[in-house]
Amino acid sequence: MEAGRILHIGIPWITRRSSPRLPNFPRFICASSIQRGSYKGPKPGRDWIADWVSKNDDAVRSLPIYVGGASLLAVLFNRAISGIAPVADASSSQSRADLLTLGLAVTNVLTGLVWISIRPKSITPVEPQGVECQVIYSHLPESVVSEILWVWESLSAVTCCKSLVIVYDCQCIVQIGVAAKSLNIGEPFAVDAAKLMQGSVYQGVLKSGAQSYLANLSLYPGRSELPFLPSNTQ
C-alpha cells in the first residue's frame, strides 16, 4: 500500500521505520589548550534595563496607573490651594495647563490598564501528535544519507526539533521525525513539494533571501501550507 501511494506520485522513496545504524565516517574534533579564565576576547553585552523589566513585569505594567493617579491628585491639590476658580477658564493660562496635565494623566492611567489587560501568551511545550517517519529519497548517495541522518540526530539531541523536512530541486528528499497522520491509518502525511513551493511562505523566503520564522503556525498561511507537520505544532 505504501509503494502504491508512492508510485502514484511518480517519485521513488524508501521508508525506514527504525533508525538504522549509521556507518562510520570521519569526524573532526578541534581541541584547545586555553585554560579556564584566560579568555581575553570580547564578552557578550548585557542589557540591565531589559533584565530588570523582565524580572519586575507586573510592577512595570502597573507603573503608568500610579503615575497617572498621582498626577491627577497633584493637579486637583494644586487647583484647590492656588485659589483659582474650580470652573475652567479658557482665558487663564493656569486652566489651560491643568487641562493639558489632566489629559496626560488620564492617558497614563489608560495605558496602564491596557498593559495589565494585554499580556503575552505563554507557550508551554507539547508532545507532537502524529506518527514517526523516516522517508528518504532513494536516489541519494549513501554518504549524503549518512550526513543527513547525523544532522538529524544532532538536532534532535541538542534542540527541541521534532520534525525535519528538506526540499531540494523541486523534490522532498527527506521527511524525518514526527509527521501529521494521513488518511491511511499509521501512514505519515506526504510532503507535496510542488504545492509547498507555490505557497506564499516559500515565495516570500525566495524573494527576501532570508529565513522565515512563523511565530504562530495556527495563523494563515502557516497551517494551510504546512499540513505535513504535526497537528498541534505551535
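# Reading a predicted model

Me: How do I read burial for a single residue here: is lysine 181 buried or exposed?

Reply: Lysine 181 has a relative accessible area of 57% and is exposed, because the cut-off for exposed is over 50%. Bear in mind that the model is predicted. The residue is found in the loop between strand 4 and helix 6.

Me: Which residues does lysine 181 contact, once its neighbours within four places in sequence are left aside?

Reply: With those neighbours left aside, lysine 181 is in contact with Gly130, Val131, Glu187 and Phe189. A separation along the chain can also be set beside a distance in space. Lysine 181 and glutamate 132 are 49 residues apart in sequence, and their C-alpha atoms are 9.4 Å apart.

Me: Where does cysteine 160 lie, and is it buried or exposed?

Reply: Cysteine 160 lies in the loop between helix 5, residues 142–158, and strand 3. Its relative accessible area is 70%, so cysteine 160 is exposed. Its C-alpha atom is separated by 9.2 Å from that of proline 125, and the two residues are 35 apart along the chain.

Me: And aspartate 98, is that residue buried or exposed?

Reply: Aspartate 98 counts as buried, because its relative accessibility is 8% and the cut-off for buried is under 20%. It has its place in helix 4, residues 93–117. Setting aside neighbours within four places in sequence, aspartate 98 is in contact with Val75, Asn78 and Arg79.

Me: How many helices and strands should I look for, and in what order do they come?

Reply: The protein has eight helices and four strands. Read from the N terminus, the order is α-β-α-α-α-β-α-β-β-α-α-α.

Me: How do I read strand pairing, for instance between strand 3 and strand 4?

Reply: Look at the sense of the pairing, then at the bridges. Strand 3 and strand 4, the latter spanning residues 171–179, pair in the antiparallel sense over six bridges. Isoleucine 166 stands opposite valine 174 in strand 4, and tyrosine 168 has glutamine 171 of strand 4 as its bridge partner.

Me: Which strand is joined to strand 4 by six bridges and covers residues 131–137?

Reply: That is strand 2, which runs antiparallel to strand 4 and is joined to it by six bridges. Valine 131 has alanine 179 of strand 4 as its bridge partner, while isoleucine 136 stands opposite valine 174 in strand 4. Valine 174 therefore appears in two pairs: it stands opposite isoleucine 166, and isoleucine 136 stands opposite it.

Me: How many residues of strand 2 and of strand 4 are buried?

Reply: In strand 2, six of the seven residues are buried. In strand 4, eight of the nine residues are buried. Both strands are mostly covered.

Me: What should I look at in the hairpin of strand 3 and strand 4?

Reply: Look at the turn and its backbone angles. The hairpin has two residues between the strands, and aspartate 169 takes a positive phi near 55°. Aspartate 169 is not a glycine. At 61% relative accessibility, aspartate 169 counts as exposed. Cysteine 170 lies in that loop between strand 3 and strand 4 as well, with a positive phi of about 65° although it is not a glycine.

Me: How do I describe a pocket, and what volume does the largest pocket have?

Reply: Give the volume, then the lining, then the elements that supply it. The largest pocket has a volume of about 1300 Å³. Its lining comprises 31 residues, and Ser163, Leu217, Leu226, Leu229 and Thr233 lie nearest its centre. By character, the lining divides into 23 nonpolar residues, seven polar and one charged.

Me: Which element supplies the largest share of that lining?

Reply: Strand 3 does, with five residues. Strand 3 (163–168), helix 6 (193–198) and helix 7 (200–208) each supply at least two residues.

Me: What figures describe the protein as a whole?

Reply: Of the 234 residues, 24% are buried. The accessible surface comes to about 17200 Å², and 63% of it belongs to carbon and sulfur atoms. For contacts between residues at least 6 apart in sequence, 63% join residues at least 24 apart.

Notes. Residues numbered from 1 in each chain as written. Predicted model: local features only at pLDDT ≥ 70, side-chain atom pairs only at ≥ 80, totals over all residues. Heavy atoms only, no water. 1 Å grid on protein atoms, 1.4 Å probe; cavity = no way out; pocket = protein on both sides within 12 Å on 5 of 7 lines; lining within 4 Å. Points joined across faces, edges and corners; volume = space filled by probe spheres on them. Nonpolar A, V, L, I, M, F, W, Y, C, P; charged D, E, K, R; others polar. Buried < 20%, exposed > 50% of the residue type's maximum accessible area, 1.4 Å probe, protein only. Contact = heavy atoms within 4.5 Å. Areas by Shrake-Rupley, 256 points an atom, 1.4 Å probe, with all protein chains shown as cover. Pairing = 2+ DSSP bridges.
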